[in-house]
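Colleague: I am new to this structure. Please take one part and look at it closely, and place it in the whole for me.

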Amino acid sequence: MAGFLTELSKGLVNPDGTPAVRSSVLPDMPPQVLCYERADDIGFGVSGVVTRARGLRAAFPDLEPKQIPMAASVTEEKVAYLLDPIGASRRSWALRATDACIRAFKGLAPLEHEAVELPWTPPFLHKNDGLVLSMGQFMQWAGAQIQSTGTVQIWPGTPVASPLLERNQVVGVRLLDQGVDKQGLPGEGFMPGMDIRAALTVVGDGPVGSIGQQLDEHFGVPQGHQSRDWAVGMKFVVDLPDDTRLKAGTVLHTFGFPEPEIFGFLYVHPDRIASLGIFVPSWFDSPVRTSYRYLQHWMLHPYLWRHLKGSKLRSWGAKTLGESGLRGEPRLAGNGFARIGEGSGSTNVLTGSGVDEAWTTGAQLAQAVLELLKAGKPFSQENLEQTYVKRRRSSWVETEGRVAEKSRDGFQKGVVRGMIGMALAGLTNGRLTLSGEPIPPYRRVPTLENYYRGRIPAEEIARLRKECAIKGVSLQGALMHRCGWPSIPYDGQLLVSHQDALLLGGKVQAPPGYADHVAFLYPRLCAECGVRICIEVCSGQAITPGDQGVPLFDREKCVHCGACYWNCSQAHPENPERMNIAFRSGTGGLHSAEN
Ligand SMILES: Cc1cc2nc3c(=O)[nH]c(=O)nc-3n(C[C@H](O)[C@H](O)[C@H](O)COP(=O)(O)OP(=O)(O)OC[C@H]3O[C@@H](n4cnc5c(N)ncnc54)[C@H](O)[C@@H]3O)c2cc1C
Ligand code: SF4
Ligand code: SF4
């Protein structure tokens, strides 16, 4: 949304302050622009971020990293394959054979700190001339510039509940009801959500946005499109030790550990600060895919621990990424509305890039809006397609999105195949890929008994399940321990319990008077669900075992990451593209402007 508002705010007024485009209601003013943000401030999102920053530099041609807190130019990029120093990860025979060869023939691939750094990084992964940023700090910087133009009002802490639909047109939005109980029923101080009517409603609500979901339900999605590729990203922002050798602008990417499917990143900001984390992708078929515990094991890998030992947690966060790219593209425009950003299928999974693409689609829409306003044309589907969609189709976002479209399909059938498929797509500009059908979790995720067959007997799983339910905790700790994952040596500053991370790494806010935004749609399905993966994946430990098998949701711990929404292991009875969990509009979440 920041890309849209930056470009639009610059075009609404002339250099002398007079309106470049006039409001039809108040002709001495430019049209009114309102932006509603559900989080308590701008910049409370979560991202890496390393970016080539093409779109950002187009918006700010004089951009210097030192203008933005925590920004640095990319100075060094490395990709490392991490071996398993513990012997607990679930590796295929192909990967075990690779590891054995690496250990046996050290001269072929230099093995240091249980890792092999790739001697060459393919060009499609390079972030040449790019930037390392903090999403929070960059958004606050960009937000201040947008607001200083006086043309845009930004309303944080104001969730939009739904689009206002009249026939086949979006005519504005309805804000969320306040003064309601957890189920949304009116209580003391009830204030129904206000209706805001608008000539154009711009939807940039990210990968789990409820407004986008409602538009998809109403208007449908283009034939063959689906959003079955996603990943849960979890990150720490840390103070590196005083004597760190990591320089600002260093970019490390890893794969192979803690599980072969999990990718890791470490980006270094100025002043010895680093952002680091992992992605747990949709094709990882473990029914206990916890991000938090895996993130800790990843940090403890010798390749990373030599840099991280002595570090201190500053901030923590989690968020899902929509990784379907062009295949997840919804209807980009209709009468009275347009979609931008990750929720519009802009993220490029081949280059590992989303911020620049999201920004650029917003800027393209702003140019289209200014063109239509100046021509006095309405925001009809036809006009938006001829201006916004046309710009998008002819831009690098689309061209590179086409290259990336099938690049990760190989991962559906295994990690080695996935890596080969990605390299093929990247090196041939998408002409060659390896096939694999993205499938939803209810078809992918096996039962605990099947997943751990040969490692943990079914009777023991049943016993552990019972014990964990009595304690009201998830199962992953007990199962991972049983598979050989060691306990985490808590040090109170970097290696801390999940609950302590919620306190040390930010603060979860859940203002009273709002309905629960996570809901279990069909309790019967939860009661019958043998996996209850929503409990295992929950980034904030906000979902716990409940009576009769139906999980409990605690809004005061929810960081709005959306992991439960994507991971639910039961299909929605009426819509096979959806699961048995609803992720609705809600306020609150994690307070940290560093993520
Ligand atoms: C851990 C992690 C690491 C990443 N690393 C990188 C990286 O290194 N480089 C890169 O380029 N990309 C990276 N990405 C991806 C990148 O962050 C996203 O592609 C990008 O943030 C998408 O921007 P967006 O504005 O479309 O969506 P979002 O950033 O999700 O923003 C959507 C906004 O809409 C608000 N919203 C949602 N619903 C409502 C509602 N109902 N009412 C009001 N407001 C609402 C949300 O609060 C949010 O602020 C990473 C992502 C993650 C999670
Ligand atoms: S929400 Fe989904 S994963 Fe969780 S218990 Fe219910 S059906 Fe199972
Ligand atoms: S309940 Fe909240 S914190 Fe937990 S997975 Fe769902 S969105 Fe994330």
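Modeller: What follows starts with the whole chain, turns to the meeting of two domains, and ends with the ligands.

This is a predicted model, in which local features need pLDDT of at least 70 and side-chain atom pairs count only at pLDDT 80 or more, while totals for chains, interfaces and linings use all residues. Residues are numbered from 1 along each chain as its sequence is written, with chains lettered from A and ligands numbered from 1 in the order in which they are written.

The protein chain holds 19 helices and 28 strands. Both are DSSP runs, numbered from the N terminus: helices are H or I with at least four residues, strands are E with at least two. The chain is as compact as a globular protein of its length, because its radius of gyration is 24 Å, close to the 25 Å that the globule rule gives for 595 residues. That radius is taken over C-alpha atoms, and the rule is 2.2 Å times the number of residues to the power 0.38. The C-alpha trace spans about 75 × 55 × 45 Å along its principal axes. Of the 595 residues, 50% are buried (20 or more other C-beta atoms within 10 Å of the residue's own, C-beta atoms being placed from the backbone).

The chain is split into domain 1 (2-67 + 134-225 + 337-398), domain 2 (409-437) and domain 3 (448-591). These bounds come from an automatic or database domain assignment.

Now the close look: domain 1 against domain 3. Their C-alpha centres are 31 Å apart. Still, 19 residues of domain 1 are in contact with 16 of domain 3 (C-beta atoms, placed from the backbone, within 7 Å). On the domain 1 side, β8 (160-166) and β10 (178-180) are the elements that give two or more residues. β10 gives the most, with three residues. By class, that side has nine nonpolar, seven polar and three charged residues. Here Ala, Val, Leu, Ile, Met, Phe, Trp, Tyr, Cys and Pro count as nonpolar, Asp, Glu, Lys and Arg as charged, and the others, Gly among them, as polar.

Follow β8 further. It runs antiparallel to β9 (residues 169-175), joined by six bridges. Strands pair if DSSP finds at least two bridges between them. L164 stands opposite G172 in β9. The two strands form a hairpin with two residues between them, and R167 in the turn has a positive phi of about 50°. β9 also pairs with β12 (residues 195-197), antiparallel, through three bridges. There G172 has R197 as its bridge partner.

Domain 3 spans 448-591. Ligand 2 has 14 residues around it, and the closest are C526, C529, C534, C568 and Q570. A residue is near a molecule if its C-beta atom, placed from the backbone, lies within 6 Å of it. α17 (523-528) and α18 (533-537) each supply at least two residues of this shell. The shell has ten nonpolar, three polar and one charged residues.

Ligand 3 also has 14 residues around it, with C538, G540, C558, C561 and C564 coming nearest. Its shell has ten nonpolar, four polar and no charged residues.

Last, ligand 1. It is surrounded by 35 residues, the closest being G48, G206, G233, G341 and G354. Elements giving two or more residues include α5 (210-219) and β14 (230-239). α8 gives the largest share, three residues. This shell divides into twelve nonpolar, 16 polar and seven charged.

Notes: Contact = placed C-beta atoms within 7 Å. Buried ≥ 20, exposed ≤ 12 C-beta atoms within 10 Å, placed from the backbone.
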